[in-house]
Amino acid sequence: MKPALALLYRPWRSALRVWDRVSIYLPIVLMGALALSTYWLVRNSPVFAKPEAAKAVQHDVDYFMRKFTIKSFDEVGILRSEVKGLEGRHYADTDTLEIDQPRILSISDLGRHVTSSSIRALSNADGSEVQLFGDARVVRDPVRGVDGEVMPRMEFRGEFLYAYVKEERVKSHLPVVLTRGADQFSGDTLTYNNVTGIAELKGRVKGLLVPRASLAKP
């Protein structure tokens, strides 16, 4: 090689050696740069607000009525129930209606009239279940049975009564007085089924049976 070319080649050879040495560490340098850039992006990325937790359902009144009357009819237009009250408040979360001074008339498929009243009542959506609070009364008017015999008037009184209107049942975990015609019974709890005609009283049960006057002539 000529002397001039040798002088030019030596610096390039030294530079290539330096580059070879540097290139060994290039992947490490690139990984470090990538890590630093990722960290910078995380630190400077906008923070989005977390979605708010679903609000708990509130037991609030969604509508109310004053001095109202609600009537329900069957598919052929026969009156099945009538609800009156001084004020009614509907709760959306439970789909219940709270009524002040309620007067509720229910008419069964057999034409049996049952009237319920109390200081306050709580009814489900279709009125098939009604809880009566304070001076509660459920009265079934006299009705003629399938055998032709007249069933006397029946009344339930207590501080709490739970009426299952469609099933014609009444129950209470508090003391109740049951009056059937002239007879009267009381107990600490009550379960009554009007379909079967069975009343179950528990606790301190008392009864007063009045004998029917004899119709036979002397």
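**Notes on the predicted model: core, hairpin and pocket**

1. Let's start with Leu161. Leaving out residues up to four places away in sequence, Leu161 touches Val130, Gln131, Leu132, Ala136, Arg137, Val138, Phe156, Val170, Lys171, Ser172 and Val176. Bear in mind while reading that this is a predicted model.

2. Leu161 also turns up in the largest nonpolar core, which has 18 residues. The members that touch the most others there are Ile99, Leu132, Val138, Phe156, Leu161, Val170 and Leu190. Several of those names are familiar from point 1: Leu132, Val138, Phe156 and Val170 are among the residues that Leu161 touches.

3. Which elements give two or more residues to this core? They are β3, β7, β10, β12 (176-180) and β14 (189-193). The top contributor is β7, with four residues.

4. Now for the strand pairing around β12. On one side of the pairing list, β12 meets β10 in the antiparallel sense, over five bridges. Within β12, Val177 is the residue opposite Arg157.

5. β12 also runs antiparallel to β13 (residues 183-187), again with five bridges joining the two. Here Arg180 has Asp183 of β13 standing opposite. The two strands make a hairpin with two residues between them, and Gly181 in the turn has a positive phi of about 65°. If you are checking backbone geometry by eye, Gly181 in that turn is the residue to look up.

6. On to the largest pocket, which holds about 830 Å³ of space. Its lining comes to 39 residues, and Ser81, Ser106, Gly127, Ser128 and Val165 are the ones closest to the centre. What is the make-up of the lining by class? There are 18 nonpolar, twelve polar and nine charged residues.

7. Quite a list of strands supplies at least two residues each to that lining: β1 (61-73), β2 (79-91), β3 (96-100), β4 (103-107), β5 (113-117), β7 (129-140), β10 (154-164) and β11 (169-172). Note the overlap with point 3: β3, β7 and β10 are on this list for the pocket, and β3, β7 and β10 each give two or more residues to the core as well.

8. Finally, the chain as a whole. Its secondary structure is one helix and 16 strands. Of the 218 residues, 26% are buried. As for contacts between residues at least 6 apart in sequence, 33% of them join residues at least 24 apart.

Methods:
Residues numbered from 1 in each chain as written. Predicted model: local features only at pLDDT ≥ 70, side-chain atom pairs only at ≥ 80, totals over all residues. Heavy atoms only, no water. 1 Å grid on protein atoms, 1.4 Å probe; cavity = no way out; pocket = protein on both sides within 12 Å on 5 of 7 lines; lining within 4 Å. Points joined across faces, edges and corners; volume = space filled by probe spheres on them. Nonpolar A, V, L, I, M, F, W, Y, C, P; charged D, E, K, R; others polar. Core = buried A, V, L, I, M, F, W, Y, C linked by side-chain atoms within 4.5 Å. Buried < 20%, exposed > 50% of the residue type's maximum accessible area, 1.4 Å probe, protein only. Contact = heavy atoms within 4.5 Å. Pairing = 2+ DSSP bridges.
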